[in-house]
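Reader: I have a chain on my screen and would like to talk it through with you. Could you walk me around it?

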Amino acid sequence: MDKSTLNEDDGGSDSDEISQSFICCVCRELLYKPIVLSCGHISCFWCVHHSMSGLCESRCPICRHPYIHFPTICQMLHLLLLKLYPVAYKRRENQILVG
Ligand SMILES: [Zn+2]
Ligand SMILES: [Zn+2]
């Protein structure tokens, strides 16, 4: 039994309403722990992390622009997403923790 399926319905489905600007170009899902690369692309922390190699230089998974420093999570975007899509964001968190 899932304990609290609170029906805080503020307008229907929570997944199809995500703005295109908050979709990760790599996994095509809501950005989770977004990072901004030096080329300006935004991606999930883990999407970039997976595409990194410890030996070679790292490249943007989207445009292959090389970068040296591993970007940090953009807290402002992170908080914004958490606020805009609390349900979808939580679901992404669970996805990542499981998979
Ligand atoms: Zn992603
Ligand atoms: Zn890029």
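Reader: In what order do the elements of the chain run from the N terminus on?

Author: Happy to help! This is a predicted model, where local features need pLDDT of at least 70, side-chain atom pairs count only at pLDDT 80 or more, and totals for chains, interfaces and linings use all residues. Residues are numbered from 1 along each chain as its sequence is written, while chains are lettered from A and ligands numbered from 1 in the order in which they are written. Helices (H or I, at least four residues) and strands (E, at least two) are DSSP runs, numbered from the N terminus, and the order is β-β-α-β-β-α-α.

Reader: In which element is confidence highest?

Author: pLDDT is the predictor's confidence in each residue, from 0 to 100, and its mean over the chain is 83. Strand β3 (residues 58–59) is lowest, at a mean of 84, and the highest, at 96, is helix α2 (residues 75–84).

Reader: Which helix gives the most to the largest nonpolar core?

Author: A nonpolar core is a set of buried Ala, Val, Leu, Ile, Met, Phe, Trp, Tyr and Cys residues joined through C-beta atoms within 7 Å; buried means that 20 or more other C-beta atoms, placed from the backbone, lie within 10 Å of a residue's own. The largest core here has 15 residues. Both α1 (45–51) and α3 (86–98) supply at least two of them, and the top contributor, with three residues, is α1.

Reader: Leaving aside neighbours within four places in sequence, which residues does Tyr 89 contact?

Author: Tyr 89 is among the residues with the most contacts inside that core. Contact means C-beta atoms, placed from the backbone, within 7 Å, and the partners are Leu 30, Tyr 32, Leu 81 and Leu 82.

Technical notes: Buried ≥ 20, exposed ≤ 12 C-beta atoms within 10 Å, placed from the backbone. Contact = placed C-beta atoms within 7 Å.
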